[in-house]
Amino acid sequence: MPDSVIAETSAGLYLRRPGGLHIDPWQPVERALVTHAHSDHARPGSASYLCAAPGEAVLRRRIPDGVIETLRLR
């Protein structure tokens, strides 16, 4: 579907808009959205990571050198 918001790629699911990022990517990508910091979701090698603020500490333990941005949950 050309107008779909999410596309399947070799690195995993890609969220076209808003964001332009991969959701829990399987391979290194430019920008990764990490839904939770289990090892099957938080993989090293991406250029930057986005996660919910409560998961930041765990993500930093898994990927200590990663560029990590956080979002506050309402």
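1. Let me start with Asp24, which is buried, at 11% relative accessibility. Its address is the loop between β3 (21-23) and β4. The backbone here deserves a look, since phi of Asp24 is near 45°, a positive value in a residue other than glycine. For context, most residues other than glycine have a negative phi. Bear in mind while reading that this is a predicted model.

2. Now the sheet as a whole. It is open, has 6 strands, and follows the order β1-β2-β3-β4-β5-β6 with mixed pairing. β1 and β6 are the edge strands, each pairing on one side only. On average, neighbouring strands of this sheet are turned by 30° against each other, direction ignored.

3. On to the antiparallel part. β1 and strand β2 (residues 12-15) run antiparallel and are joined by 4 bridges. If you want a register marker, Glu8 has Leu13 in β2 as its bridge partner. The connection between β1 and β2 is a hairpin through 2 residues.

4. β2 then pairs with β3, again in the antiparallel sense, over 3 bridges. Leu13 turns up here too, standing opposite Ile23 in β3. The hairpin of β2 and β3 has 5 residues between the strands, and within that hairpin Gly19 takes a positive phi near 115°.

5. His22 is worth clicking on. You'll find His22 in strand β3, and with 12% relative accessibility it counts as buried. Its side chain makes a polar contact with the side chain of Thr9, at 3.2 Å. Neighbours within four places in sequence aside, His22 has quite a list of contacts: Thr9, Ala11, Gly12, Leu13, Tyr14, Val29, Arg31, Ala32 and Leu33.

6. The parallel part comes next. Strand β4 (residues 31-33) and β5 run parallel, with 3 bridges joining them. Two pairs pin down the register: Arg31 has Ser48 in β5 as its bridge partner, and Leu33 stands opposite Leu50 in β5. On the other side of the pairing list, β5 and strand β6 (residues 68-71) also run parallel, joined by 4 bridges. Here Leu50 stands opposite Glu69 in β6, so you can trace a line from Leu33 through Leu50 to Glu69.

7. How is the step from β5 to β6 made, and with what handedness? β5, helix α1 (residues 56-62) and β6 make a β-α-β unit, and that unit is right-handed.

8. Why is strand β5 (residues 48-52) described as largely enclosed by the rest of the structure? Because 4 of its 5 residues are buried. One residue to look at in this strand region is Cys51. Setting aside residues up to four places away in sequence, Cys51 touches Val34, Glu56, Leu59, Ile68, Glu69, Thr70 and Leu71.

9. Cys51 also belongs to the largest nonpolar core, which has 11 residues. The other members are Ala11, Val29, Ala32, Val34, Ala37, Ala42, Tyr49, Leu59, Ile63 and Ile68. Three of the Cys51 contacts, Val34, Leu59 and Ile68, appear in both lists. As background, nonpolar side chains tend to be buried together in soluble globular proteins.

10. Finally, the segment before β1 (6-9), where Ser4 is found. Is Ser4 buried or exposed? At 18% relative accessibility, Ser4 counts as buried, as the cut-off is under 20%. The side chain of Ser4 reaches the backbone oxygen of Ile6 at 3.2 Å. Apart from its neighbours within four places in sequence, Ser4 is in contact with Arg16 and Arg17.

11. Val5 lies in the segment before β1 as well. Val5 is partly exposed, with a relative accessible area of 36%. Not counting residues up to four places away in sequence, Val5 touches Tyr14, Leu15, Arg16 and Arg17. Arg16 and Arg17 are therefore contacts of both Ser4 and Val5. One more distance for Val5: Gly20 is 15 residues apart from it in sequence, and 9.8 Å apart in space, C-alpha to C-alpha.

Conventions. Residues are numbered from 1 along each chain as its sequence is written. This is a predicted model: local features need pLDDT of at least 70, side-chain atom pairs count only at pLDDT 80 or more; totals for chains, interfaces and linings use all residues. Side-chain values use heavy atoms; hydrogens and water are left out. A nonpolar core is a set of buried Ala, Val, Leu, Ile, Met, Phe, Trp, Tyr and Cys residues joined through side-chain atoms within 4.5 Å. Buried means under 20% relative accessible area, exposed over 50%, partly exposed in between (1.4 Å probe, protein chains only). Contact means heavy atoms within 4.5 Å. A crossover is right-handed if, with the strands pointing away from the viewer, the path from the first strand over the helix to the second runs clockwise. A polar contact is a pair of N or O atoms within 3.5 Å; within protein, one must be able to donate a hydrogen and the other to accept it, and residues adjacent in sequence count only if both atoms are side-chain atoms. Axes are lines fitted to C-alpha atoms, for helices over the stretch in contact, and angles run from 0 to 180 degrees between N-to-C directions.
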